[in-house]
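Me: Could you take me on a close look at the sheet in this model? I'd love to hear how its strands are ordered and paired, and what packs against them.

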Amino acid sequence: MLDQFFSQISFVDIFNFCVFLTFSICYTYQLYYVFVVLTRKPKKRVAKKSHRFAAVISARNESAVIGDLIHSIKVQNYPQELIDVFVIADNCTDNTAEVAREAGAIVFPRTNDKEVGKGYALDYGFQVIREQYADRGYEAYFVFDADNVLDVNYFREMNATFDNGAKASTSYRNSKNYDSNWISAGYAVWFLREAKFLSQARLTLNTSCVVSGTGFFIAADIIEKHGGWKWHLLTEDIEFSTNSILEGVRISYTPTAILYDEQPTTFRDSWNQRFRWAKGFYQVFWHYGGRLAKGVFTNSKGSRFACYDMLMTIAPGMLLTIVSVLFNGIIIALAAAGMMSTGVMIASSLSSIFFCLFNYLVFMFMFGVLTTFVEWDSIRSTTAKKVRYMFTFPFFMLTYIPIALVALVKKCNWKPIQHSISVDVAEFAESPTTKRERIM
């Protein structure tokens with residue numbers, strides 16, 4: 001009976017099973033993350049002291065939105081004398097600098113067409129702050145994107161995390177334009193899922209989180225140690241996170257510090273942004289993958305799992321799906337051309353492609369549904385749109401497959417996404433969590 005079974009298995013079946021097994025072994029631990037989030041709550045932090053911070057914002061032609069962010073910082077439920085706002089007006093051709101100054105920020109204009117990108121702009125900003133404002137004694141630096149808007153208690157909650165010893169922390173990332181269309185909703189659900197089912201689980205399990213672009217702080221001594229912001233790959237945030245984990249620095253998470261940002265609404269902007277992210281992840285994997293793999297065995301016991309988790313985060317897992325689809329597609333093409341035996345081989349390859357893509361869609365649908373229901377009150381939209389975008393989320397994620405494939409072979413230059421959605425800051429000043437807290 002076993003002989004008959006094995007005689008019916010082709011090398012295509014063996015290959016596809018190995019891909020499936022590899023993916024399962026590498027990423028099943030993230031299902032445990034879901035269990036942790038659903039069964040355990042993170043501890044509430046309380047601050048004994050209010051610390052002095054600098055908010056650093058890199059902005060390129062962001063005059064439409066920069067004022068909203070600065071205003072949301074100025075109305076924080078936190079001593080204003082302990083927060084200074086710095087804006088790097090990076091290669092701007094509009095009046096971003098003027099708008100930022102009028103809103104109350106200290107502005108550093110920067111013009112440099114050789115060193116292009118957010119990482120270089122941040123490094124310039126940190127250098128100027130350290131040279132000209134060292135006497136102000138900043139204990140940590142916050143990094144925001146110009147399109148962000150903060151909950152009124154954002155700094156208060158992040159201060160509690162810093163006061164409890166964190167050297168860096170990310171925050172809860174929500175969207176201010178979830179209901180624009182299926183693209184913005186796809187982004188929103190992805191970041192909500194990242195905050196809830198990755199960052200919160202890591203916080204609860206006392207391992208390291210990952211900085212995701214915006215809404216985080218870094219202790220001043222880390223900036224001093226490195227002489228500024230020295231991470232300049234296309235995804236400088238992931239590079240910083242990886243480097244921190246390798247150095248044994250634990251990145252925390254503050255689930256009660258809520259930030260809203262603007263998501264792209266056109267597929268072209270979305271493609272360009274995610275293409276840069278995919279290329280940046282490849283860069284980080286190429287530069288740091290070997291050291292992370294080594295760190296799984298050689299780092300201190302408290303950070304070995306963080307090295308593995310980070311390795312799985314930057315590893316091109318999407319390529320397993322792409323490789324499987326391409327491999328089976330080639331088999332089908334060769335069989336159709338008469339270069340291989342047909343029949344069972346074609347049927348096996350077709351079923352494998354369908355199985356791979358169908359499983360991916362089902363998995364993403366389940367995560368989209370779970371995230372939407374768990375974070376229902378935090379999503380600013382109608383019930384009808386929340387339900388509708390649960391069904392479009394898997395297809396949004398499916399578009400990552402061609403993006404990841406193109407990123408393997410095409411060169412990418414850093415290009416900012418232009419933002420234009422100005423909001424009433426008061427509308428975002430109090431999240432549902434904040435309102436419940438105030439009522440109680």
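**A close look at the sheet**

Reply: Happy to! Let's begin with one pair of facing residues: Ser169 stands opposite Phe217 in S7. This is a predicted model, so please read what follows in that light. The strands involved are S6 (residues 168-175) and S7 (residues 216-219), which pair in the antiparallel sense over three bridges.

Stepping back, the open sheet has eight strands in the order S3-S2-S1-S4-S7-S6-S8-S5, with mixed pairing. At its edges stand S3 (106-110) and S5 (149-150); each has a single partner strand, so one side of each is left without a neighbour in the sheet.

Now to the S3 end of that order. S1 and S2 run parallel, joined by seven bridges, and Phe53 stands opposite Ile83 in S2. Strand S2 itself is mostly covered, with eight of its eight residues buried. Its side chains go two ways: Ile83, Val85, Val87 and Ala89 point to one side, while Asp84, Phe86, Ile88 and Asp90 point to the other, and all are buried. Two aspartates, Asp84 and Asp90, are thus among the buried residues of S2.

What lies across these strands? Helix H5 (residues 96-103) lies across S1 (53-59), S2 (83-90) and S3, running at about 165 degrees to S3. Helix H6 (residues 118-132) also packs on the sheet, where it touches S1, S2, S3 and strand S4 (140-145). The direction of H6 makes about 125 degrees with that of S3.

Methods:
Residues are numbered from 1 along each chain as its sequence is written. This is a predicted model: local features need pLDDT of at least 70, side-chain atom pairs count only at pLDDT 80 or more; totals for chains, interfaces and linings use all residues. Side-chain values use heavy atoms; hydrogens and water are left out. Two strands pair if DSSP finds at least two bridges between them. Helices (H or I, at least four residues) and strands (E, at least two) are DSSP runs, numbered from the N terminus. Contact means heavy atoms within 4.5 Å. Axes are lines fitted to C-alpha atoms, for helices over the stretch in contact, and angles run from 0 to 180 degrees between N-to-C directions. Buried means under 20% relative accessible area, exposed over 50%, partly exposed in between (1.4 Å probe, protein chains only).
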